[in-house]
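Here are some short exercises to try with the model open beside you. Have a go at each task before you read its solution.

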Amino acid sequence: MTATTGTDDGRDGRDDRAELARLLPPATGFALPPGRHEHHRERLMNQIDHDTAASAPASAKDRAPARPRLLRPSFLAPAITFALAGVLVAGYSAQGGPDLPVRADSGASASERAGAAQPVALVLNRISDAAAKSDAGPVRDDQFLYSRSKMQHGDFTSGKLVTTPLEEVESWSSQKPGPQMKLGLVRRGGSTSPVNADLGDTEGTAPGIARPTYRWMATLPTDPHKLLAHITALTPKRENQEHDQAVFDEIGGMLGGVTPPGTAAALYKAAALIPGVVEAPDAVDAIGRKGIGIARVDAQYSWRSEWIFDPETLAYLGSRSFLADDTEMGKKGELLGADALIESAVVDEAGVRPQD
């Protein structure tokens with residue numbers, strides 16, 4: 001769907017966008033973490049208005065502080081459902097793979113889970129060592145990073161929580177240097193759509209924390225302390241959200257896929273330096289693969305984020321998030337989102353799969 005573009009410097013397009021935004025139902029009774037509603041609303045507008053997004057920049061005041069990590073596996077959930085719902089809840093898998101419980105609790109007691117956990121720095125060091133041995137890359141500027149993931153979520157558009165079936169999502173992320181208006185492609189539900197520059201980036205979105213290209217990630221410091229300081233400085237502070245949690249989530253947005261081995265290794269060691277990061281021995285991804293989890297809770301919003309790794313190879317499997325306590329949004333343990341990375345590769349053309 002493309003919004004109509006007027007002749008008065010895109011004013012008609014902006015009016016259409018404003019009217020659409022006004023018609024979006026509010027997320028009644030749910031308090032999302034800071035920036036999340038605007039984050040998904042921006043992504044909805046990118047999908048609907050992909051031909052005119054550049055002509056309708058948002059003001060600094062109105063822009064969402066949480067910028068989307070476009071075309072990374074953990075952040076490819078469908079934008080329209082997210083924006084309309086105002087809440088993400090994953091539940092039972094209706095397609096493929098084993099059913100996942102709405103509750104994230106494993107059934108083991110807290111003391112049993114605590115006893116199984118290892119010091120998180122030890123676990124992350126092991127994951128870091130495995131990542132350092134990867135032969136990923138290099139990636140040319142004219143190539144695309146391809147990923148195929150499975151994910152599910154829920155919406156509240158009907159006033160009642162409805163869980164969607166497990167869905168396959170493919171993405172092709174452009175690696176071109178400098179600001180770009182076209183960031184790649186995303187394919188889901190049999191439909192392929194372009195992914196545009198972030199709203200407000202009138203000259204295009206440059207490589208960086210919101211668009212982590214292979215070349216950009218290769219320039220990051222590999223000393224864990226320096227890397228953490230660098231990412232912390234790049235991560236915007238959001239009112240009422242723990243900044244450490246925001247940094248943890250930013251690092252999570254760069255995991256999976258094809259990453260420079262030295263950078264990947266440093267990211268895991270940097271994560272071990274963030275206060276509150278723990279091991280989650282009973283973690284499960286969106287298709288039921290059990291693995292080693294690395295987790296952190298934003299205490300202000302009772303929002304727990306987890307990364308899941310293969311227990312044997314320590315390869316990244318996926319991520320999930322769920323409520324750590326009973327809140328207005330839902331009960332403790334209810335999932336807010338889950339995904340599983342199935343395949344990642346480097347391809348020469350957007351829209352082309354590795355096996356093609």
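**Exercise 1.** How many residues lie between E5 and E6 in their hairpin, and which residue in the turn has a positive phi?

*Solution.* Keep in mind that this is a predicted model.
- Step 1: Find strand E5 at residues 182-188 and strand E6 at residues 191-196.
- Step 2: Look at the link of the hairpin, where two residues sit between the strands.
- Step 3: Check the backbone angles in the turn: Gly189 has a positive phi of about 60°.

**Exercise 2.** Find what stands opposite Leu185 in each strand that pairs with E5.

*Solution.*
- Step 1: Strand E4 (residues 167-174) runs antiparallel to E5, and five bridges join them. Here Trp172 is opposite Leu185.
- Step 2: E5 also pairs with E6, again in the antiparallel sense, over six bridges. Here Pro194 in E6 is opposite Leu185.

**Exercise 3.** Work out which residues of helix H7 are buried and where they sit around its axis.

*Solution.*
- Step 1: Pick the residues of H7 (residues 224-234) with under 20% relative accessible area. These are Pro224, Leu227, Leu228 and Ile231.
- Step 2: Their arc around the axis is only 100°, so they lie on the same side of H7.
- Step 3: Turn to the face pointing away from that buried side, and you meet the exposed His225, Lys226 and Ala233.
- Step 4: Ask what covers the buried residues: helix H8 (243-252) and helix H9 (261-271) are among the elements that do.

**Exercise 4.** Which residue caps the N-terminal end of H7?

*Solution.* Asp223 is the cap, with a side-chain oxygen 3.1 Å from the backbone nitrogen of His225.

Note on methods. Residues are numbered from 1 along each chain as its sequence is written. This is a predicted model: local features need pLDDT of at least 70, side-chain atom pairs count only at pLDDT 80 or more; totals for chains, interfaces and linings use all residues. Side-chain values use heavy atoms; hydrogens and water are left out. Two strands pair if DSSP finds at least two bridges between them. Helices (H or I, at least four residues) and strands (E, at least two) are DSSP runs, numbered from the N terminus. Buried means under 20% relative accessible area, exposed over 50%, partly exposed in between (1.4 Å probe, protein chains only). The arc is that of the directions from the helix axis to the C-beta atoms. Contact means heavy atoms within 4.5 Å. A polar contact is a pair of N or O atoms within 3.5 Å; within protein, one must be able to donate a hydrogen and the other to accept it, and residues adjacent in sequence count only if both atoms are side-chain atoms.
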